[in-house]
Amino acid sequence: MKLCLISSAPLLLLAAIGCAAVPSKQARQVNNPSQSNQPAVAQSSVVSSSAVSVGPSPASASPVPITQNSLTAIPVAPSINSAVSSSSALVSGVFSTTITTTKTTSAASSTSKTSSVASQPSQVSRSADGFPIPDPSYNVTAAGPVTILMLNSQSSSPQGRFFVDKAARLTSTTVNNNNKLRIDVKSFPENTGYESYLKQVREACDKKMGGLFDVVMLEATVLGELADCLVDLSAWDPAMGSGFAKGVLQNSYVDKRLVSLPIEADIGILYFNAEVLGKYASTNPPYSFDDIEAIAGTVLMAQRGVDNFAFSGYTSQLSGEDLTAQIAEWLLGYNRSQIVNNMTGLISLETNAVAQVLQRVSTWTTNNLIDPNDFLFEPTEPYSTAVTRGLKHPDSALADVDPPLARFVAGNSLFMRHWASTYSWLLGNDDVRFGWGIGPVVGWDHSVNVGALGGWGVGVYKYSQNPTAAVKVAKWMASREMQYDAVVSAKLRIAPTRSDLYTDKKVCDILGQDLCAIYANVTPAVRPSSLVGRHYKNVTHIISSGMNVFFTTPETIVEALTKLTIELARELGQAVNNNTDWSVDPPAVGKKVPSHLQIQLMGLCAVILITCATVYLLKRRQIDDGIQAAKDKLVVIAQTAKQEVINKTVQRRADLDFGANEFTHLDDDDEDDLERNDKRGGRPQYSIVKGAEKDEFI
C-alpha cells in the first residue's frame, strides 16, 4: 500500500531491509508537526541537470556523452520500419522508429543524430536459449553504449536527475575504463502506465528484439513475470549479490537465478495518530493483534460517544495488489504461514493457521474497527508507486492520494497500514496537523513484526546488444556508493537495499532513525511473484478478489479458502488437496457486515438507550435522595422527643428528691424532742411515711 509521495519513485538505488525478526520498539517514534525531531533536510535537493556534460567529443576517442532520449508513442503499423526484419518489428507502437539524441560535450556544443532503434542481436556470443555468454572480466572490458529503459516519471524525477548526474561523472573517469562507456536514458511517453510499460518489455522479449534497451527498471513483484527475459547476474559475478539485505535480495532470485539487483526498498509499515492514541488509550503503539483490537476498541467507543462515526480504528489499501500484500503480512505474522510455499512452490492456503488469522481479521469489519468500504475502493494500478501514480504534494485538498491515506491525513483514523515510502510524503505535508508515529506491521502476537516487500531493481535485458557493459552499469546503479550518495549527498529519502546503510548515522539522520530501525529489524513478507512467474498477475487478482468477497459478505472462511485454492490450483496447474481437517474456532462462522445506514441506526439506538438509562438513573437518584432525607428527618424527630422525655424525667426526679428532703428535715427543736422521746424509749417511724409519700407522689 505506497507512501511518502510516496518516495517510491524507482530509480534511486537504495535500500537495505534488515531481515532480523526481532521487533525494534525504539522504531516507534512519534512525529509531531510542532516538535519534530527529524533533521532539517532539503526534501528534493538534486544535482543540476547541466551535469549531463560528459567530456570530450567522440572524435577524440574519449568519453562519449550521456544522452537522454524521449520515445514518442506512435500507432501500431505492420510495416512501421521497413529497414527492420519482421521478427524485430516495433512493439505495440511504443518504441519510435527514430530517436533524437541530444549530446552535450565539455565544450557545450550540441549535435543531433538519428539512429535506428530495432535490430537483431549481433556480435554477441549466446547460449542455445539466447542468453549471452558471461564475461568474467566485464568490469574492465565493458565499453560502448548502454541504454536504460524507465518510465517518464522516473527519468524526470529528482532521483532521475541525480542518476543522470552520477552517470555523467562515472563516464568521465578512467578507472576500470569507465570513460569508454556511454549511458543513455530512454523513457516512455509521459502518460504511459506501468502495465503498458511491462507489456512492451514482454512483447519485445517474446519477439527477440535487440537494440531497444539494455538495462530495465523493474518493480519487485514483476521479476517472476519477466525472469526469462533477464540475465542471471550471479553467472557473471558470484559476488554480485553481496552486501544486500537478505530479505530484499531473496526476492530477486527466480529459480535460483539472480535476475535483478535491488536499488530501492519499500515495505509495509504501521502509522498511528499519536494525539488520539495518547488522549484515549496510551502513548504506546500496538505490538500485536490483541493490542490493535483493545486500543482501537477504546478509541472507537470514545469517538462514537461524540457522534464521530467517520472515525476508523484501522484503515488501509484493502483492494487489488495491496490486499494481496497485506494478506502476505497477516499470514507471515501468524505461524509463518505463506500463500505459496517457498520450498515446494505449492499453494498453502488450505490450513487451519491461515483460516484462523484471516477469520480474526474479518471480525474487524464486523465491529467496524475497519470500515467495510475500505474493501470497495477502486484499487490503484498494480505495481504502482508514488511516482508512477503521479502523487504530488496537495495544495489544498487530498484528491490525488488514495482514500485510506486521505482519511488518515484528515485525522479520521487511528491506525493506517501503508508503505514506508509515504513517510517522507507525510513529513512534508502541511495538511497533516497532528502528531503521528510509525512502527512495524504487527503480527498475531509479540513474536514477530512483518512488512510486505516492495521497491525497485535493475535487470539486464536478455537480448541486449552490449550485455557486458549492461552488467557493469546495472552493478554500478545498485552499488553502495550510489545508494549512500542518493541519501546523504542528494538528500533523497529513498530507502537503500544495502543492509549496513541502516546503521549509518548520516543516512539515518536523513531517512529518520525510526524508519531505519524498522527496516533493520522487520521480517519482509514476500509476495509469491517470483514463485509463480508469469502467472502472478492472475494469481494476485484471484487472491484479492476472493478475499474481498470473504471480508464483505457472510461467506465462511472454509468456503472462501476452499474456493480460492481450487481457482489458484487451476491457474497454476496444481492438484487440489481436499484433505484438510478443519478445526477453525469457532468453525465456519459467518459474518454480517453492517452498512452505513445500519451503523447510523445502531448508533441512534445506542444514544436513545444511553439517554433513557441516564434519565432513569437520575430519577432513581432523586427518589432515593428523598427517601433518605425523610429517614434523616424522622431520626432527628425521634432523637428530639427522646431527649425531651429524658429531660422531663430528670426534672421529676429532682423535684421528688426536693420534697423528700422537706419531710425529713429536722430543726434544732425537733432534735431536742427526739432526744426526749428517745429517753422515753421510742423513735418515730418516719422512714415508712417518707417512703409511702414518695411512692404516692410518683
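How much surface does the protein chain expose, and what percentage of it do carbon and sulfur atoms supply? The chain exposes about 31200 Å², and carbon and sulfur atoms supply 54% of that. Keep in mind as you click around that this is a predicted model.

**Start with the whole chain**

Colour by secondary structure. You should find 24 helices and 15 strands in the protein chain. Of its 698 residues, 51% count as buried.

**Into the sheet: strand 5**

Select residues 144-150, which make up strand 5. Six of its seven residues are buried, so the strand is largely enclosed by the rest of the structure. Now add residues 181-187, strand 6, which pairs with strand 5 in the parallel sense over seven bridges. To see how the two line up, show Val 146 and its bridge partner in strand 6, Ile 183.

Next, add residues 215-219, or strand 7. This one also pairs with strand 5 in the parallel sense, over two bridges. Ile 148 and Val 215 stand opposite each other here.

**Stay on strand 7**

Is strand 7 enclosed or open? Five of its five residues are buried, so it is largely enclosed by the rest of the structure. Turn on the side chains and rotate. In a regular strand the side chains alternate between the two faces of the sheet. In strand 7, Val 215, Met 217 and Glu 219 are on one side, Val 216 and Leu 218 are on the other, and all are buried, so both faces are covered.

Glu 219 deserves its own click. This strand 7 residue is buried, with a relative accessible area of 1%. Measure in your viewer from its C-alpha atom to that of Gly 457: the two are separated by 6.4 Å, although they sit 238 residues apart along the chain.

That brings you to strand 14, residues 449-460. Strands 7 and 14 run antiparallel and are joined by five bridges. For one landmark, show Met 217, which stands opposite Val 458.

**The cores**

Next stop, the nonpolar residues. In soluble globular proteins, nonpolar side chains tend to be buried together. The largest nonpolar core here has 64 residues. Select Phe 163, Tyr 197, Leu 218, Trp 476 and Met 477, the ones with the most contacts inside it. Helix 15, residues 467-477, gives the largest share of this core, with seven residues. Apart from this core lies another, of 58 residues, and Leu 323, Leu 414, Val 441 and Ala 525 are among them.

Back at the first core, zoom in on Tyr 197. What does Tyr 197 touch, not counting residues up to four places away in sequence? The list is Leu 149, Met 150, Leu 151, Phe 188, Thr 192, Val 216 and Met 217.

Then select helix 15. With 10 of its 11 residues buried, this helix is largely enclosed by the rest of the structure. The buried ones include Trp 476 and Met 477, and also Lys 472.

**Charged pairs**

Side chains of opposite charge can pair when their charged atoms come close. The count here comes to 19 salt bridges, and three are worth a visit.

- Arg 202 and Asp 228: their side chains meet at 2.9 Å, N to O. The pair links distant parts of the chain, 26 residues apart: Arg 202 is in helix 4 (residues 194-206), and Asp 228 is in the loop between helix 5 and helix 6. Arg 202 is buried at 8% relative accessible area, while Asp 228 is partly exposed at 34%. Add Asp 206 and Arg 534 to see the network of salt bridges that links these four residues.
- Asp 374 and Arg 407: the closest N and O atoms are 3.2 Å apart. Asp 374 lies in the loop between helix 11 and helix 12, and Arg 407 in helix 13 (residues 403-409). Asp 374 is buried at 0% relative accessibility, and Arg 407 is buried at 15%.
- Asp 509 and Lys 505: here the closest N and O atoms are 2.8 Å apart. Both are in helix 17 (residues 505-511), four residues apart, which separates them by about one helical turn. Asp 509 is partly exposed at 26%, and Lys 505 is exposed at 59%.

**Last stop: a surface patch**

Switch to a surface view and select Leu 601, Leu 604 and Ile 608, which make a nonpolar surface patch of about 270 Å². Leu 601 is found in helix 22, residues 596-664, and counts as partly exposed at 45% relative accessibility.

Technical notes. Residues numbered from 1 in each chain as written. Predicted model: local features only at pLDDT ≥ 70, side-chain atom pairs only at ≥ 80, totals over all residues. Heavy atoms only, no water. Core = buried A, V, L, I, M, F, W, Y, C linked by side-chain atoms within 4.5 Å. Buried < 20%, exposed > 50% of the residue type's maximum accessible area, 1.4 Å probe, protein only. Contact = heavy atoms within 4.5 Å. Areas by Shrake-Rupley, 256 points an atom, 1.4 Å probe, with all protein chains shown as cover. Patch = residues over 30% accessible without salt bridge, like charges linked within 9 Å, V, L, I, M, F, W, Y side chains within 5 Å. Pairing = 2+ DSSP bridges.
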